[in-house]
Amino acid sequence: MKDYDYIIVGGGSSGCVAAWRLVEEFGARVLLLEAGARRMSPLMHMPAGYMKYLGRDTYLDMHHMVPQPQLDGRSTIVPQARGLGGGSSVNAMVYMRGQAADYDNWADMLGTGHDWSWADMLEHFKVLENNDHLGAPAHGNAGPLNVSAPFHRCAMTDAFVAAVQNAGEVFTPDFNGGRQRGVGYMQSTIGPDRRRCSASDAFLSRVLDDPRLELRTQTTVDRVLVEAGRAKGVEFRRNGRVERLYAGSGVILASGTYITPKLLMLSGIGDADHLRSLEIAPVCDLPGVGRNLQDHCEVPVIFKSNGRYGYFGEDRGWRMLRNGLQYLLFRSGPVTSIGVEACAFVNPDDAKADATLKIYCVPTVYVDRDISGVEACDGLTMTCCLLRPRSRGKVTLRSNRPDDMPLIDGGFLRDPHDVETIIKGLKTARSFARQQPLTGLLEEEIVPGGTAADDEALRVHAKRMVKTNYHPVGTCRMGPDGDPSAVVDPKSMSVRGLEGLHVIDCSVMPTIVSGNTNAPAMAIAHKAAGLIHAAQR
Ligand SMILES: Cc1cc2nc3c(=O)[nH]c(=O)nc-3n(C[C@H](O)[C@H](O)[C@H](O)COP(=O)(O)OP(=O)(O)OC[C@H]3O[C@@H](n4cnc5c(N)ncnc54)[C@H](O)[C@@H]3O)c2cc1C
């Protein structure tokens, strides 16, 4: 048997960062187990390439939510990455940290003083980052993670940015300095070589040849092995064989917001009644496991344009060949774009306050897979995304069989306040479309369409079209001592009530941040690796 200090379950955004830090900085011996493949198609390394796979299950597990009564029974798809690098290898590469207040609220909630505050987390963001155009005090320029300004912008994006300013919002040159209000261009995790910079590219690649790291891909962990209140190792499947491996210092779960609670529950850690109902013997009664699911959900307003200003059709026929060739020869053109280059952070209730909504500018027609009847054409989709939804969902087990996907109740728009905020967002997006220069490019609103004039029609539209922005968090949330629904101790990242078992992925967020979740996942993992190492000494 080999000697490992830690077994990390999941080689995604958080798992890659933790493996790198534990091995390189702390000299730990780490086994990293990843369910997906080590390599992905060359297309996935090109910034625009991920779009080809967004609707397929090649690198994504397509979870279907349980039918949502508040959405008239809709069962929307909530994908999760499968493959080395996890979400960072399949995502849209937007680099967005969130608002300072998100993290300061965590510090207040957790009662940890400075720890988990914006000032504290900023140091972790910075040390990971290699920003190509911004520096101190908010950015780092010497870290492994390449972060860049857009290399290519289409005419529709620039028109959106100008129109939103004409509507009264300020231009914001950097959304990552703690305040997001205003309109501007988004940064993304793309390198100077115009290739995706995943957590695997940035971090794991640095220790792949280190003998202290062992990586096993296409290896699916089924449960954590707990003996006398301590996690000793994991049981996993590889090539159809069930095996067990053990680690001296602990097991670290980084398998994402949907699968980390699933693994805990399959291991007997969770709500004891739920576990018993599925004939799983409870090891640790932790009712918070799988609760507190939060996600950024979004609803579109779509306009047809009067010309070719965006990306519709750029991925087909001779245009695709031209764009591909331009990318391969010159590393320029539409393939260097992630397809969504700008956004506006707005607050329809208050012209000055921090944003409550993010409105993305997607310069084409973009709806979820389960929506039919929307004409694909040259156009603009403005998706209104709730930054701090009040609705909560949950993850539970479907059965005690590891092969079964968990039951995901996303709860989108369950809280009436979320519906009302989205309606205000839709009206705000429409007001942007009435501003020059955007209005000069747009022909007609095709979704929901001019007939959806009043709040009730927008409410119906929101329920029909709401989809994930791919940012699930919170199902193993950190919480202070004495909080009965807390799952993870914010001082050591230990699962409460057990020794040697840690969680470090997006599931630990107590509340969702106002930014996209890849950058926070990596910063959390960097901090978590330090806390876990410190707790060992
Ligand atoms: C389509 C899509 C687009 C997105 N776009 C953006 C964006 O533009 N910007 C942004 O900031 N965020 C984006 N996100 C979200 C972001 O990528 C995730 O929040 C982040 O990657 C989550 O990190 P994580 O470590 O918590 O989980 P993940 O990165 O999902 O890692 C979990 C890993 O665990 C592995 N795993 C799961 N089960 C097991 C098991 N049983 N055994 C072993 N391994 C297992 C998975 O294969 C995966 O590699 C997007 C996500 C998706 C899916």
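In which strand is Val221 found? Val221 sits in strand S11, which runs over residues 220-227, and this residue makes a good starting point for a walk through the structure. One thing to keep in mind along the way is that the model is predicted.

Val221 counts as buried because it has 25 C-beta neighbours inside 10 Å, and 20 are enough for that label. If we set aside its neighbours within four places in sequence, Val221 is in contact with Val9, Leu33, Val234, Phe236 and Leu263. UniProt, in an unreviewed entry, includes Val221 in a "binding site" annotation together with Asn91, Ala92, Met93 and Val94. These residues are spread over 131 residues of sequence, and they are spread in space too, with up to 29.2 Å between C-alpha atoms.

Let us visit another member of that annotation. Ala92 has its place in the loop between helix H2 (87-90) and strand S5 (94-95). With 21 C-beta neighbours inside 10 Å, Ala92 also counts as buried. Apart from its neighbours within four places in sequence, Ala92 is in contact with Tyr50, Ile338 and Val340.

The same record offers a further landmark. The unreviewed UniProt entry places the feature "domain: Glucose-methanol-choline oxidoreductase N-terminal" at residues 81-104 and 256-270. Over residues 81-104 the chain is 38% helix and 12% strand, with its end C-alpha atoms 29 Å apart. Over residues 256-270 the chain is 73% helix and 13% strand, and there the end C-alpha atoms are 16 Å apart.

Now step back to the overall layout. The domain assignment divides the chain into domain 1 (1-44 + 78-145 + 197-295 + 393-407 + 472-537) and domain 2 (151-185 + 297-386 + 413-465). The centres of the two domains, taken over C-alpha atoms, are separated by 32 Å. Where they meet, domain 1 gives 13 residues to the contact and domain 2 gives 12 residues. On the side of domain 1 that touches domain 2, nine residues are nonpolar, two are polar and two are charged.

What lies inside? The largest nonpolar core has 163 residues, and those that touch the most other members are Ile7, Val9, Ala18, Ala19 and Val30. Helix H13 (residues 518-536) supplies the largest share of this core, nine residues. At least three residues of the core come from each of domain 1 and domain 2. Val30 shows what such a position looks like: not counting residues up to four places away in sequence, Val30 touches Tyr4, Asp5, Tyr6, Ile8, Ala19, Leu22, Val23, Arg212 and Leu213.

Two helices are worth following from end to end. Helix H5 covers residues 155-166, and at 1.5 Å a residue its 12 residues should span 16 Å; the end C-alpha atoms are 17 Å apart, which agrees. The buried residues of H5 are Met156, Thr157, Ala159, Phe160, Val161, Ala163 and Val164. Their packing partners include strand S17 (342-346), strand S18 (357-362) and helix H10 (416-433). Just after H5, Gly168 takes a positive phi of about 115°.

The other helix is H9 (residues 317-330), where Phe330 is found. The 14 residues of H9 should span 20 Å at 1.5 Å a residue, and its end C-alpha atoms are 20 Å apart, in agreement. Phe330 counts as exposed because it has 10 C-beta neighbours inside 10 Å, and 12 or fewer earn that label. Its C-alpha atom is separated by 48 Å from that of Gly73, 257 residues away along the chain. H9 is followed by Arg331, whose phi is positive, near 55°.

A few backbone details round off the tour. Trp116, in the loop between helix H3 (100-110) and helix H4 (118-128), has a positive phi of about 70° although it is not a glycine. Trp116 is buried, with 23 other C-beta atoms within 10 Å. Arg194 has a positive phi as well, of about 60°, and lies in the loop between strand S9 (187-188) and helix H6 (199-202). There are cis peptide bonds to find too: one joins Ala136 and Pro137, with omega about 5°, and another runs from Gln436 to Pro437, with omega near 0°. Pro437 is found in the loop between H10 and H11.

Terms used: Residues are numbered from 1 along each chain as its sequence is written. This is a predicted model: local features need pLDDT of at least 70, side-chain atom pairs count only at pLDDT 80 or more; totals for chains, interfaces and linings use all residues. A nonpolar core is a set of buried Ala, Val, Leu, Ile, Met, Phe, Trp, Tyr and Cys residues joined through C-beta atoms within 7 Å. Helices (H or I, at least four residues) and strands (E, at least two) are DSSP runs, numbered from the N terminus. Domain bounds come from an automatic or database domain assignment. Two residues are in contact if their C-beta atoms, placed from the backbone, lie within 7 Å. The expected span of a helix is 1.5 Å times one less than its number of residues. UniProt positions are given in the numbering used here, feature names are shortened, and annotations may be inferred rather than shown by experiment. Ala, Val, Leu, Ile, Met, Phe, Trp, Tyr, Cys and Pro count as nonpolar, Asp, Glu, Lys and Arg as charged, and the others, Gly among them, as polar.
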